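Work through these exercises with the structure open beside you. Try each task before reading its solution.

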Amino acid sequence: MAIVMISSLYQSGREELAQALARKTNWPVVSREDLVDQARVAGIKVGRLELSIIKSPGMHEKLAREKELYLAFLTNALCEKARQGDFIYHGRAGHLLLPGISHRLRVGLTAPQEVRIKRAAQMLHMTPEKAENYLLQLDEDVGRWIHTIHRVDKSDLNQFDVFFNLENIGLSNAAGIVCAMAELPDFQPTPASMKMLDDLHLSSQAKLRLALDERTQRADLQVQADSGVVTVTYPPHDEALGRDIPLVLADLSGCREIQCTMAETNILWVQERFEPKSDNFQQILQLAQRWGAAVELLRLVPPGELQFDPEDPGTVADSGFSRPECPVPYDGGVEDDGPATAEDDGGLRLTEEELVNRGRCGGRHTICGGTDKILEQVQGNGRYALVVIGDMFLSKGHSTRTRRTRELALSIRDRLKAPVITADELKARFLFGKRQAVTLVGFLALLVLMFGVVFTHQEAVKNFLSGPFHQHYKWVASVFMIFFIPLIAYLYGTVTGLALKIINID
Amino acid sequence: MHELLTMHFIDINLATALQVVLLGFIGGILSGFIGSGGAFFMTPGMMNLGVDGVIAVASNITHKFGKAMVGSRKHAAAGNVDKKLAAYVLVTAIIGIQIAVAINSYLFKGGGDSHGAAKGAGANLYISLVFATILSAVAVSMLRDILKSRGNGDGGGGPSMKIAEYLNRLHLPPVIHFPVADTKVSLWILMLVGIATGYLAGTIGVGGFIGVPAMIYVFGVPTAVATGTELFLALFMGAFGALSYAYQGFVDLRLTMLLYLGSLVGIHLGVYGVKVVNEKYIRVVTSLIILLCVFSRIVAIPVYLRQLSLLDFPADWDYYFNITSKFFLFASGIGGALVILLKVFHAYRQRRRVQKTMLVVQRPGLSQVEAVRASRN
């Protein structure tokens with residue numbers, strides 16, 4: 001089963017490449033324009049979304065729901081196509097659709113600007129000058145669209161598997177290369193990628209239903225799906241949603257279980273192996289209960305290490321750069337109801353079960369890879385109040401593990417625009433333990449001393465601040481103030497913060 | 001001169017100290033909840049306790065410096081501070097502040113003539129008019145947005161982006177990208193807004209009231225980033241103010257310390273409120289507090305007009321105008337803080353009460369679903 005996603009700017013030959021490939025392979029072609037028309041018929045205001053993004057790209061908060069609906073519609077349509085067999089999609093950001101599906105082939109395309117101008121001038125009956133200006137404006141608008149909808153830069157070549165410049169290669173040859181690439185084992189479906197496709201399809205169906213049903217369409221919901229389990233978190237101020245969500249999702253094909261969690265926000269917990277009795281679990285649960293947050297589990301299996309056998313020509317050729325693949329057996333979405341299976345899911349299900357019991361479950365995923373894979377998986381899931389990077393790179397030594405965990409946290413923080421911390425920072429930053437108790441008592445004692453000195457020596461303080469002493473040493477008072485005031489603010493700010501943590505206000 | 005200035009520092013006994021702590025607490029709640037607004041309440045509040053205007057302003061600015069440091073540190077940890085945007089606004093705002101100081105000084109020197117006009121009445125009238133005009137526009141615009149979004153059935157409820165949209169359409173290069181705020185703004189518009197913000201902050205003395213809405217409505221910055229960036233900006237402006245006033249001998253450290261006792265607790269509660277209270281509600285409360293403050297200023301305007309001989313009524317009436325003005329100021333501050341506290345308390349209780357995940361199993365062939373487990377702490 002081949003999924004080819006072709007992306008390019010307007011009049012850069014994406015449609016022609018798709019048609020050339022279709023002639024070679026007989027695979028059906030789907031264009032963004034077709035899907036947008038279908039979305040409009042379904043009542044999604046794509047025009048309004050486009051106009052808003054082009055006019056004011058900063059208004060993310062207002063557009064979030066419309067954006068989610070649009071993406072859910074496209075994802076659902078493409079997943080349905082993928083389940084029917086091979087297909088070719090072309091659009092402005094096709095390479096960013098169906099995130100996480102490893103067997104899709106993402107093709108980028110660019111054409112010389114003069115060719116684009118000529119084609120645009122012919123197509124739109126414009127002078128070349130006008131066509132050039134039109135293209136410049138359009139390219140900028142498309143860049144804004146991609147940035148707002150997918151949160152990546154349109155010129156980020158890391159998002160493609162192959163990129164053609166039509167100045168250097170003909171369309172027919174490019175189509176031949178794509179055709180040959182699609183046959184490679186790297187772009188064939190695997191159990192893991194098929195499971196991912198099923199999950200994506202189920203979550204997009206659930207999102208669509210919830211967004212179009214009048215009982216749930218106004219609510220801020222977060223929807224995940226994994227192995228037939230749909231997890232929805234809904235805000236506490238609308239308790240009726242807990243009853244309505246299962247009704248809206250009733251008889252949803254492929255859904256065998258619905259988990260509805262009332263939560264104000266989500267905490268994403270990324271870890272290699274989960275254990276419900278671990279310290280990390282207890283700490284994250286404590287924080288989730290205090291914040292009224294649901295905990296979303298993401299099991300990250302790091303890509304295989306650089307292990308290649310000099311005797312094996314295959315591994316020498318790959319030199320360890322082979323595509324990482326999760327060891328997930330594909331069961332077509334049907335799970336064994338038996339007691340225990342031999343499958344090692346890294347403690348994911350047990351931990352999820354415990355979270356359900358504690359009322360804080362926000363869904364689960366398993367992915368294999370690094371930062372890009374995490375972002376692909378979670379970027380469409382709304383904002384997280386916190387991302388916790390737990391125990392990772394378990395096969396490495398302590399120092400390497402610490403360094404790589406911090407690097408992972410930093411790269412996610414930069415791109416997800418959410419607070420990201422490692423599990424060992426969790427206690428110091430958000431929870432109250434022995435260390436915090438010592439800090440509280442120590443700082444409080446220091447503050448009592450400072451306040452005591454100032455308020456039992458008021459005349460001396462006045463003299464220092466604006467009396468005869470100040471007259472002779474004006475700068476001393478100013479410099480003292482610049483250091484003393486932040487110190488007081490820091491000490492007292494820490495004391496109040498810790499004291500409020502004790503009563504779960506932070 | 002210095003002997004006299006020391007005498008202007010009030011004596012602080014337990015009762016006065018508690019009142020200052022309370023002022024700090026209310027100012028802190030407002031500041032934490034609406035992202036700004038502590039100064040408009042605390043400065044006149046201290047003056048009401050007998051503190052000289054300049055000492056109240058100086059002590060409050062010094063307090064703001066430390067408060068902004070703690071606040072911006074927390075916002076920075078949450079990724080809500082755009083330092084690049086703050087740097088651009090700071091540079092241009094300083095120019096605006098200088099313009100405001102020059103106009104105020106000119107008007108202040110121009111008052112107090114031989115015909116009985118009080119010194120500073122012209123400056124007070126000018127400040128009150130600017131305060132009333134600008135803050136009315138901000139409050140009305142916020143309320144209109146809320147009503148509009150309700151009319152459209154637009155549940156998103158984000159702030160109106162009309163000004164940001166219009167300025168984006170103008171496309172005046174060079175355009176600067178601010179990665180944290182995730183927005184692009186023309187340098188010219190940035191300079192214009194920075195100068196205007198500085199001018200208004202220098203004139204009205206409440207920078208956050210202008211800076212935060214300007215970033216949201218004009219630059220299209222997300223609300224959380226606007227608040228964080230404004231606090232970061234306030235850190236530098238506060239440090240500059242504290243250093244200058246301390247050099248002049250106007251800062252009363254005791255007042256600043258007492259303000260902290262209340263404000264830092266209040267800020268935590270206000271910020272907690274922002275997390276747990278609906279954004280629409282936050283904006284309704286903010287706009288109503290601002291409108292009450294505006295009304296308080298408008299009530300004081302006839303006094304300045306009389307002092308400038310532009311209006312004729314008995315001087316005794318000044319007392320009634322002033323007391324009414326103070327009443328509305330305190331009503332806005334205390335009322336606003338109480339409403340916020342009530343909402344925070346309600347949300348806190350609700351959050352502790354509701355901890356549940358409902359598990360529903362789909363039975364093939366049945367249209368109804370069955371809840372098999374609901375957990376609750």
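**Exercise 1.** At what angle do helix H5 and helix H6 of chain A pack, and which residues meet?

*Solution.* The model is predicted. Find helix H5 (residues 113-124) of chain A and helix H6 (residues 128-150) of chain A. Their axes lie 8 Å apart and the packing angle is about 105°. Angles from 65 to 115 degrees count as roughly perpendicular. H5(A) is therefore roughly perpendicular to H6(A).

Next, list the contact. H5(A) supplies A:Arg116, A:Ile117, A:Ala120, A:Ala121 and A:Leu124. H6(A) supplies A:Pro128, A:Ala131, A:Glu132, A:Tyr134 and A:Leu135. Sort these residues by class: 8 are nonpolar, 2 are charged and none is polar.

**Exercise 2.** Trace the sheet of chain A that contains strand S1, and state which strands stand at its edges.

*Solution.* Start with the order. The strands run S2-S3-S1-S4-S5 (chain A) in an open sheet of 5 strands, with parallel pairing. Now look at the ends. Strand S2 (29-31) and strand S5 (162-165) of chain A each have a single partner strand, so one side of each lacks a neighbour in the sheet. From one strand to the next, the twist averages 20°.

Zoom in on one edge. S2(A) and strand S3 (residues 87-91) of chain A run parallel and are joined by 3 bridges. A:Ser31 has A:His90 in S3(A) as its bridge partner.

Then add the helices. Helix H2 (residues 32-41) of chain A packs on the sheet and touches S2 and S3 of chain A. The direction of H2(A) makes about 60° with that of S2(A). Helix H7 (residues 171-182) of chain A also packs on this sheet. H7(A) touches strand S1 (3-8), strand S4 (104-110) and S5 of chain A. The direction of H7(A) makes about 165° with that of S4(A).

**Exercise 3.** Do the same for the sheet of chain A that contains strand S9: what is its strand order, and which helix lies across S9, S10 and S11?

*Solution.* Write the order as S11-S10-S9-S12-S13 (chain A). This is an open sheet of 5 strands with parallel pairing. Strand S11 (361-368) and strand S13 (420-422) of chain A are the edge strands, so each has one side without a neighbour in the sheet. Neighbouring strands are turned by 20° against each other on average, direction ignored.

Check one pair inside the sheet. Strand S9 (residues 265-271) and strand S12 (residues 386-389) of chain A run parallel, joined by 4 bridges. Here A:Ile267 stands opposite A:Leu386 in S12(A).

Now place the helix. Helix H13 (residues 371-378) of chain A lies across S9, strand S10 (293-301) and S11 of chain A. H13(A) runs at about 140° to S11(A).

**Exercise 4.** Describe how helix H16 and helix H19 of chain A pack.

*Solution.* Helix H16 (residues 434-456) and helix H19 (residues 474-502) of chain A pack at an angle of about 135°, with axes 9 Å apart. The two helices are therefore oblique to each other. Their crossing is left-handed.

Read off both faces. On H16(A) the contact uses A:Gln436, A:Thr439, A:Leu440, A:Phe443, A:Leu444, A:Leu446, A:Leu447 and A:Met450. On H19(A) it uses A:Ile488, A:Leu491, A:Tyr492, A:Thr494, A:Val495, A:Leu498 and A:Ala499. By class, 12 are nonpolar, 3 are polar and none is charged.

**Exercise 5.** Move to chain B: how far apart are the axes of helix H4 and helix H10, and how do the contact residues divide by class?

*Solution.* Helix H4 (residues 53-77) and helix H10 (residues 223-248) of chain B have axes 7 Å apart, at an angle of about 150°. H4(B) passes H10(B) in a left-handed crossing.

Sample the contact. Residues of H4(B) in it include B:Ala58, B:Ile61, B:Phe65, B:Ala68 and B:Gly71. Among those of H10(B) are B:Gly228, B:Leu231, B:Leu235, B:Gly238 and B:Tyr245. The contact residues divide into 14 nonpolar, 8 polar and 1 charged.

**Exercise 6.** How many helices and strands does each chain have, and what percentage of its residues is buried?

*Solution.* Take chain A: 19 helices and 13 strands. Of its 506 residues, 39% count as buried. Take chain B: 13 helices and 4 strands. Of its 377 residues, 50% are buried.

Notes: Residues numbered from 1 in each chain as written. Chains lettered and ligands numbered in written order. Predicted model: local features only at pLDDT ≥ 70, side-chain atom pairs only at ≥ 80, totals over all residues. Axes fitted to C-alpha atoms, helices over the stretch in contact; angles between N-to-C directions. Left-handed = near helix turned anticlockwise from the far one by under 90°. Contact = placed C-beta atoms within 7 Å. Nonpolar A, V, L, I, M, F, W, Y, C, P; charged D, E, K, R; others polar. Parallel < 35°, antiparallel > 145°, perpendicular 65-115°, else oblique. Buried ≥ 20, exposed ≤ 12 C-beta atoms within 10 Å, placed from the backbone. Pairing = 2+ DSSP bridges.
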